Amino acid sequence: METQAAVLWGQNQDWQIETITLDPPKAGEVLVRIVASGMCHSDEHVRTGDLPGLFPIIAGHEGAGIVEEVGSGVEDLKAGDHVVFGFVAACGKCPSCARGHSNLCDVGGMLLMGAQSDGTYRHHAADGTDIPTMVCLGTFAKHTVVNQASCVKILDHYPLEKACLVGCGVTTGWGSAVYAADVRPGDDVVVIGVGGIGAAAIQGARLAGAEHIFAIDPLPFKREMAVKFGATHTYASIEEATALVNEVTWGKNADKVICTMGVGDGSLMESIMTMTAKRGRVVVTNIHSVNETEVSLSLTWLTLMEKQIVGTIFGSGNMRYDIPHLMKLYDLGQLDLDNMVTNNYKLEEINQGYADMLAGKNIRGVLRYE
Ligand code: CXF
Ligand code: ZN
Ligand code: ZN
């Protein structure tokens with residue numbers, strides 16, 4: 001079949017809207033009509049090369065849609081099912097899945113490279129060129145073929161244009177607070193960067209019972225939104241926050257610091273550790289450039305004050321539990337997805353959507369395909 005996609009043909013190029021051909025789903029695969037896709041910063045990282053990848057590529061990894069056809073051997077999904085994609089596919093059987101860490105699934109790790117599990121591709125340009133899809137999803141297209149291990153069925157009444165956000169940003173941010181940081185009732189939490197992931201981290205910290213939630217972002221709009229999501233204090237910079245976090249916490253500093261900037265910066269790590277309490281934990285959720293290998297950090301104080309630094313992917317969540325769970329929290333009015341979508345765009349407007357994201361105008365922009 002034919003469909004439309006935004007294709008990236010090279011580093012730092014614009015997204016090109018093209019008609020592509022899509023093969024039918026093979027064994028274990030599913031054809032999905034995508035209804036909406038969030039515009040995450042990681043897709044921009046692919047464009048700039050901060051995340052390594054081959055070109056051409058169809059990016060987009062935060063999507064929701066409706067199953068149109070299933071390949072042989074697919075038993076848990078059928079045409080008409082509403083699904084959200086998890087950006088790390090979860091097989092349920094590998095050592096990581098078996099231990100409950102499906103965000104580190106071996107099959108998902110292989111599919112991160114963009115080819116299907118048999119090493120071939122379903123997406124092709126007009127001239128026949130194979131086009132890999134980001135994390136084997138490719139949600140910047142009106143249809144895609146994905147592995148069944150990437151799909152989580154959700155209830156039909158959930159709005160897909162909001163549900164798409166739990167495929168990456170919301171689960172990543174919420175889980176960064178609830179799982180990776182392990183925010184406990186009464187904790188003091190700093191969230192650095194209020195994009196889609198930071199907004200969800202603030203909400204996770206709030207739902208986990210944090211006392212103070214300090215949001216740091218240079219943009220006034222982001223700081224205003226942070227308060228809607230549950231921040232109790234906002235600051236424009238780490239420098240401004242450092243003394244004030246210390247004062248508000250009576251000299252203890254923050255129990256948990258969650259890094260959710262557009263692009264991480266290793267030279268900031270020592271200042272981030274300064275805001276962190278004894279036995280406190282810094283969670284590195286944001287992507288740093290793959291070429292950045294130096295970090296400013298005194299390991300003496302890490303030892304003497306028993307501080308921790310942990311990384312997290314997908315908020316250390318389990319997509320088959322957390323995606324339906326977070327949609328339930330949305331349904332119950334406890335998780336605010338509505339305010340996380342600042343603007344909606346058509347597929348043809350994707351370059352504008354990313355320009356708006358880089359200009360700091362969006363918590364999340366969402367592409368809607370109908
Ligand atoms: C990224 C992590 C690297 C693969 C794509 C998704 N995480 C969040 O956007
Ligand atoms: Zn993402
Ligand atoms: Zn697995």
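**Exercise 1.** In this predicted model, determine how many bridges join strand β12 to strand β13, and whether the two run parallel or antiparallel.

*Solution.* Begin with the two segments, β12 at residues 254-259 and β13 at residues 276-284, which are joined by five bridges and run parallel. Next, look for a residue of reference, such as Val257, which stands opposite Val282 in β13.

**Exercise 2.** Place this pair in its sheet, and explain why one side of β11 and of β14 is left without a neighbour.

*Solution.* The open sheet has six strands, with parallel pairing, in the order β11-β10-β9-β12-β13-β14. Since β11 (233-235) and β14 (308-311) stand at the edges, each has a single partner strand, and therefore one side of each lacks a neighbour in the sheet. From one strand to the next, the twist averages 15°. Finally, helix α8 (residues 238-248) packs on the sheet, where it touches β9, β10, β11 and β12, and its direction makes about 150° with that of β11.

**Exercise 3.** Classify the ring pairs that link Trp15, Phe140 and Tyr354 into a cluster.

*Solution.* Take Trp15 and Phe140 to begin with: their ring centres are 5.3 Å apart and their planes stand at 85°, so the pair is edge-to-face, given that planes over 60 degrees apart count as such. Phe140 lies in the loop between β6 and β7, 125 residues from Trp15. Turn then to Trp15 and Tyr354, which are stacked, with 5.6 Å from centre to centre and 25° between the planes. Because Trp15 lies in the loop between β1 and β2 and Tyr354 in helix α12, this pair ties together parts that are 339 residues apart in sequence. As for accessibility, Trp15 and Phe140 are both buried, and Tyr354 is buried too.

Notes
Residues are numbered from 1 along each chain as its sequence is written. Chains are lettered from A and ligands numbered from 1 in the order in which they are written. This is a predicted model: local features need pLDDT of at least 70, side-chain atom pairs count only at pLDDT 80 or more; totals for chains, interfaces and linings use all residues. Side-chain values use heavy atoms; hydrogens and water are left out. Two strands pair if DSSP finds at least two bridges between them. Helices (H or I, at least four residues) and strands (E, at least two) are DSSP runs, numbered from the N terminus. Axes are lines fitted to C-alpha atoms, for helices over the stretch in contact, and angles run from 0 to 180 degrees between N-to-C directions. Contact means heavy atoms within 4.5 Å. Rings of Phe, Tyr and Trp (its six-membered ring) pair if their centres lie within 6.5 Å; planes under 30 degrees apart count as stacked, over 60 as edge-to-face and the rest as tilted. Buried means under 20% relative accessible area, exposed over 50%, partly exposed in between (1.4 Å probe, protein chains only).
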